[in-house]
Structures are given as C-alpha cells and as structure tokens.
Amino acid sequence: MSDIKRTPYAPDFIDVDLWDPSTFADGPPYEAFAQLRAEAPVAFHPEKPRREGKKPGPGFWCVTTHADIHEVSTNPDVYSSWLGGFTGADITGAVLEETRLNLMAQDPPDHTHLRRAVRDPFSSHGVAKLRSAVEGFARDTVDKIAHKNEIDFVDEVASDLPLLVLSHLMGVAPEDRGLFYGWTNAIIGNHDPDFGGTIADFLQAKDELFAYGRNIIENKRKNPGDDLVSTFVQAEINGEPLETETIIHLWFLLLIAGNETTRSSLTASMEALSAFPEQRELLLSDLPTHLPGFIEEVLRWGNPVLHFRRTASVDTQLGGAEIKAGDKLLLWYPSANRDATVLDNPHDFDLTRSPNMHLAFGVGQHFCLGARLGRMQIGIMLTELLTRLPDIAVSAPATRAHSNFLNSAKTLPVRFTPEAGH
Ligand code: HEM
C-alpha cells in the first residue's frame, strides 16, 4: 500500500478498491460512490501496485459529487490536464511529453487555440454532413444480422458502427478497413487482458497506425478536400499551420475517444431497453419524440467513461479536503450521474428526465468534442434496429471489461425475430 495517508481516507468509508480494475467487472460500484458522496465527497485513495513486485502508486483524490466534478473541470488553472496527463497512470519523461501533444492533455491557452482550430467538423453543421454516411453504415450493419435471431450485440453491432464511422471520418480507404480494425483492436485490447493485447502488440499497432495516418495527412496537404483531415491540414493557430505531429495525435485521439465510448453507449441502450420494459414501450410509442431523451438517459445511466484525471497545480481546498500541488484527482463520472442533489431518483431510468444534468461527456474546457457525433450515431442505430427488429432484447447478461477507466461490455447476447422477408 502507498505509505501516504491523507484524510478523509477512502478505505475508512468504503470496502472496495477503486484502483483495482476488477472492482468494475460488474459495472461501477454505485453503493460505494453513494457512501463517499454522503460521507467523504473528496477522499484520498491509496494505489496498490497493479503488477507483482511493483511499488505502490502515489494515491489519488476521488472526486465524487456533481458539484465538485464541475468545479474541477471548469478551473483548469487549478486543476491541470497538462501536468500529469488525463488518465490515472503516472507518466513521465518522453511519454508525458508525447501525451502533451494531445488536445486532452493541454490547458488554456494552448488547448483553447487548438480546439478552436479543429472544432468545425464536430459542430452541428459539420456533423449534419455525416448523417447520410452514418445512416448507410447503420443500414449495412443491420442488413448483416437481420436474418438471424441471436447474435453477440457487441461483436456484430456495437463494435462495427463506430469503426465504420471513424474510418470514414479519418480518411481510411475502404480497402484498408481490415488493417485499421486490426490496429484498433490491438490498441484497445491493451487495457484488458481478455482482448489478448500485450504492450508489444500495442506499440507495434500504434506505430503502423501512425505511419498510415501520416500518409493520409501528407496526401491531404497536397490534395485537400472537404473532409476532416483536410480541415486539420488547413487549420491555423496565429497564422501558422498545424504541424503533422499535432494532427496525427488529434487523428489518433478521435480513434481512441470515439470508439469504445460509442460502442458502450449502444450496448447500454440494449441493456436499458431490456431492463426497463415500460420505458421501451414509451420509446416505441413515438420514437422520434422520445429518442433524444432516451439517448441522454442511456448516457447518464450507462456511464461509458468511468473517470478522467486532473493534477492540482497549486495547494487548494475541495469538498473539505486539503489538496496539495501535484496531487492527482480522478473525476468519477458515474458517481456524479447518480448524485441526488442534482438528479431526482437517480437510480431510476427515466427518458422524460428534464433537465438531464448528466456529466457523461464531462463539462468545461474538455467537454467531449464528439458529443454530437456520438449522439447522432446512437440515435441512427437505435432507429434502424427498433424499426427493423422491434423485439430485440438481451438474452443473457453482458460480460464486462475489467477496467476502472472505460465501462465496456465485451459480450452481450441479444435475441430478436428475424426481419420479414428473410
Ligand atoms: C458517445 C459516447 C461518448 C462519451 C460518453 C464521451 C465522453 C467523453 C468525456 C467524458 C470526455 C472528457 C471530458 C473532460 O475531460 O472534461 C471526452 C472528451 C473527448 N471526446 Fe468524447 N465521448 C463520446 C464519444 C466521442 C466521439 C464519437 C468522439 C469523436 C469521434 C469523441 C471525441 C472526444 C474528444 C476529441 C475529446 C477531447 C476534448 C478536449 O480535450 O477538448 N468522443 N469524451
């Protein structure tokens, strides 16, 4: 165990280890979060080594209330994304330097300039241009399963759509999709041993993916079009074009940020439809009217992202705790999304919830750049599924990744009546 013990000390209040990925194998530990919110909303958590023979980590502050996550996320001068990066891992040297090329690991003013330069494709106008492509991908995905009656939803639906959309968005040629999927799986697999990923696989896949991406960037510099990478190569900060290294990290960030999150939102949608039959009935009674509320509630209830990190740049106070400069803070979004001080009956699934103050996309400077695109993909896929396979329902519980970072199902069996005509 870490020899640092600060108060309030999380293990004095909860009996689960929030650093241990297996704690999240059945979904987020909502009761432990409720306990912390009630008794120690900002609590210090020790960090056991994840591998045998390694030293314990420095420990971190658990930020669990909606108000405190809001406070941290909207004060980048005090709570930095640049100092220690955006995940719980403590990185230094060249790895930290490389991470800082990433939009997510920057603070204002650099973050503000870069985000402004690249945000257009994610605006309502930019995302609207992708609608018909996303509809086509959703149709193709459902075409492939519509004649069956039982499938693994994660494998055959939820994984496919975001990858098809991302490869389209990122300029991957259709004939290279197989390669792109292989690299992506090796990269994603790295955080769960069941996906079979090793560090060596991860590094090799990342090198190959980066080489492929650099090639796309160079081609778009020579022949710009009306696509995302062309927007990036034409973007400027203070009259200077973005460097290829900045663009490649942005390109890679989209793949990482837009993939598993959308996949888990789709999987959570299936779980919610089966867990709450009266909500399903309401949704199907008028899909166009109720779909937007259903999507927001799935994001709140399903919590695709478990935490992001900030590092204190000065000594400060938060939720009654004394934070020291250099301390690590983990923002537990699932906890904020069950916080009864801002959400009535937070454990109920209610698609009519209004306002729905969830923090599934974060808040503040780093609010999810892909939120519109994510919502659009969920909406289009649910429309396609519920129109063509309206009785689709979970037939066995999901198996979940062991991760305290992303809340992903690895498998989710679903059953449905095959579409008429098959
Ligand atoms: C649909 C489910 C999604 C969820 C739940 C989600 C969640 C999040 C969260 C929690 C953050 C960090 C907020 C913070 O640190 O304050 C984030 C940032 C980000 N997301 Fe998403 N995301 C989703 C989909 C996407 C998609 C589809 C894309 C793009 C293809 C995307 C791209 C990004 C980017 C680029 C950032 C960094 C923004 C910045 O640092 O300024 N996300 N997302």
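Colleague: Helices (H or I, at least four residues) and strands (E, at least two) are DSSP runs, numbered from the N terminus. With that settled, where is the place of Pro 8?

Modeller: Pro 8 sits in the segment before helix H1 (30-39). Keep in mind that this is a predicted model: local features need pLDDT of at least 70, side-chain atom pairs count only at pLDDT 80 or more, and totals for chains, interfaces and linings use all residues. Residues are numbered from 1 along each chain as its sequence is written, and side-chain values use heavy atoms, with hydrogens and water left out.

Colleague: What kind of peptide bond joins Thr 7 and Pro 8?

Modeller: A cis bond, with omega at about -10°. Pro 108 to Pro 109 is also a cis peptide bond. There, omega is near 5°.

Colleague: And where is Pro 109 found?

Modeller: Look in the loop between helix H3 (93-99) and helix H4 (110-118).

Colleague: New topic. Which residue is the protein donor of the iron atom of the ligand?

Modeller: Cys 368 is the only one, through its SG atom at 2.3 Å. Donors are N, O and S atoms within 2.8 Å of the metal (3.2 Å for Na, K and Ca), and water is not among the atoms, so sites may look incomplete. Cys 368 belongs to the loop between helix H15 (333-336) and helix H16 (371-388).

Colleague: Why is Cys 368 called partly exposed?

Modeller: Because its relative accessible area is 28%. Buried means under 20%, exposed over 50%, and partly exposed lies in between (1.4 Å probe, protein chains only). Cys 62 is buried, at 0%.

Colleague: How many disulfides does the count come to?

Modeller: Zero. A disulfide is a pair of cysteine sulfur atoms within 2.5 Å.

Colleague: On to helix packing. At what angle do H6 and H8 pack?

Modeller: About 145°. H6 covers residues 131-145 and H8 covers 160-169, and their axes are 10 Å apart. Axes are lines fitted to C-alpha atoms, for helices over the stretch in contact, and angles run from 0 to 180 degrees between N-to-C directions.

Colleague: Which residues meet there?

Modeller: From H6, they are Ala 133, Val 134, Phe 137, Ala 138, Thr 141 and Lys 144. From H8, they are Asp 160, Leu 161, Leu 164, Val 165 and His 168. Contact means heavy atoms within 4.5 Å.

Colleague: What about Phe 308, buried or exposed?

Modeller: Phe 308 is buried, because its relative accessible area is 15%. It is found in strand S7, which spans 307-312. Leaving aside neighbours within four places in sequence, Phe 308 contacts Phe 86, Met 104, Leu 329, Leu 330, Leu 331, Tyr 333 and Phe 405. Its C-alpha atom is 16 Å from that of Ala 43, and these two residues are 265 apart along the chain.

Colleague: Which residue in the loop between H14 and S7 should I look at?

Modeller: Try Asn 303. It has a positive phi of about 45°, although it is not a glycine. Asn 303 is buried, with a relative accessible area of 0%.

Colleague: And Asn 345, buried or exposed?

Modeller: Asn 345 is exposed, at 55%. Its phi is positive too, about 40°. The residue is in the loop between H15 and H16.

Colleague: Which residues does His 290 touch?

Modeller: Leu 282, Leu 283, Ser 285 and Leu 351, not counting residues up to four places away in sequence. His 290 lies in helix H14 (residues 287-302). It counts as buried because its relative accessibility is 17%.

Colleague: Last ones. Where is the place of Thr 387?

Modeller: In helix H16. Thr 387 is exposed, at 55% relative accessible area. Beyond neighbours within four places in sequence, its contacts are Leu 287 and Leu 382. Thr 387 and Leu 287 are 100 residues apart along the chain, and their C-alpha atoms are separated by 9.1 Å.

Colleague: And which residues are in contact with Ala 205?

Modeller: Trp 183, Ala 186 and Ile 187, again leaving aside neighbours within four places in sequence. Ala 205 is in helix H10 (residues 199-222). It is buried, with a relative accessible area of 5%.
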